[in-house]
Amino acid sequence: MSNEQPKIPQATAKRLPLYYRFLKNLHASGKQRVSSAELSEAVKVDPATIRRDFSYFGALGKKGYGYNVNYLLSFFRQTLEEDEVTEVALFGVGNLGTAFLNYNFSKNNNTKIVMAFDVDERKVGTTVGGVPVYHLDELEERLRGDIPVAILTVPAAAAQALTDRLVAQGIKGILNFTPARLNVPNHIRVHHIDLAIELQSLVYFLKNYPSPS
Ligand code: ATP
């Protein structure tokens with residue numbers, strides 16, 4: 001993911017650890033947002049410089065709202081700790097979800113499904129493929145803005161409401177296996193994989209364009 005980030009000027013990059021440390025403390029104290037004035041006071045950098053710096057991170061503060069602490073934190077983590085394994089949360093431990101939990105993604109790349117969520121009491125509290133399954137009610141408490149990627153294998157009808165909660169938690173990327181088209185803010189990347197459509201399209205091509213060569 002890091003190679004998709006825009007180039008950050010060196011002067012800005014030098015201030016990153018300063019911002020990062022302060023935001024980690026804010027997050028630990030439960031704050032969800034911070035204004036450039038508050039940041040300026042704490043790190044002793046003028047607000048205009050902070051706003052310019054943060055625009056490089058894709059974080060646009062809103063008037064009267066400030067910056068989303070979770071979003072900024074996940075950005076800093078990614079930038080400053082590039083060698084870290086990317087943690088992934090999976091939603092919906094049905095047939096497809098179970099298969100992903102049993103499939104070890106971390107063999108091929110530095111991603112790891114570290115937790116899963118479901119609403120079915122028979123699944124909550126179990127472990128699938130070594131991954132704990134929590135109740136969806138615990139989403140905010142468990143994610144705490146720490147997990148950048150989500151895999152959705154829930155029923156389509158549940159996908160948008162779930163996505164809105166993930167966005168509020170500062171999620172950065174969503175791998176969507178549901179047929180639902182998701183509405184997300186521009187800074188969030190959604191990759192949509194609809195297996196039924198892919199299969200149908202393959203069959204269509206085989207019938208109508210029999211020879212690929
Ligand atoms: P699959 O579609 O993966 O083959 P399935 O046919 O077994 O799964 P679905 O009805 O698609 O079952 O549901 C997938 C899983 O998502 C189930 O385990 C279900 O309990 C769970 N689920 C349903 N609603 C939600 C929700 N809002 N959040 C999280 N999980 C949910």
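At what angle do helix 2 and helix 3 pack, and how far apart are their axes? This is a predicted model, and the helix pairs come before the ligand here.

## Helix 2 against helix 3

Helix 2 covers residues 36–43 and helix 3 covers residues 47–56; the two pack at about 110 degrees, with 9 Å between their axes. Angles from 65 to 115 degrees count as roughly perpendicular, so helix 2 and helix 3 are roughly perpendicular to each other.

Who does the touching? On the helix 2 side it's Ser-36, Leu-39, Ser-40 and Val-43, and on the helix 3 side it's Pro-47, Ile-50, Arg-51 and Phe-54. Sorted by class, the residues of this helix 2 and helix 3 contact come out as five nonpolar, two polar and one charged.

## Helix 1 against helix 3

Helix 3 also has a partner in helix 1, which runs over residues 10–28: their axes cross at roughly 100 degrees and come within 11 Å. Helix 1 and helix 3 are therefore roughly perpendicular to each other.

From helix 1, the residues involved are Thr-12, Arg-15 and Tyr-19. They meet Thr-49, Ile-50, Arg-52, Asp-53, Phe-54 and Tyr-56 of helix 3. The class split for the contact of helix 1 with helix 3 is four nonpolar, two polar and three charged. Ile-50 and Phe-54 of helix 3 turn up here and in the contact with helix 2 as well.

## Around the ligand

Now for the ligand. There are 14 residues around it, and Asn-95, Leu-96, Asp-118, Lys-123 and Pro-155 come nearest. By class, this shell holds seven nonpolar, four polar and three charged residues.

Some polar atom pairs are worth a look. A polar side-chain atom of Lys-123 sits 2.7 Å from a ligand oxygen. The backbone joins in too: a polar backbone atom of Leu-96 is 2.9 Å from an oxygen atom of the ligand, and a backbone N or O atom of Asn-95 is 3.2 Å from a ligand oxygen. As for burial, the ligand on its own has 610 Å² of accessible area, and the protein covers 66% of that.

How values were computed: Residues numbered from 1 in each chain as written. Predicted model: local features only at pLDDT ≥ 70, side-chain atom pairs only at ≥ 80, totals over all residues. Heavy atoms only, no water. Near = heavy atom within 4 Å. Polar contact = N/O pair within 3.5 Å; in protein donor to acceptor, adjacent residues only side chain to side chain. Areas by Shrake-Rupley, 256 points an atom, 1.4 Å probe, with all protein chains shown as cover. Nonpolar A, V, L, I, M, F, W, Y, C, P; charged D, E, K, R; others polar. Axes fitted to C-alpha atoms, helices over the stretch in contact; angles between N-to-C directions. Helix = DSSP H or I, 4+ residues; strand = E, 2+ residues; numbered from the N terminus. Parallel < 35°, antiparallel > 145°, perpendicular 65-115°, else oblique. Contact = heavy atoms within 4.5 Å.
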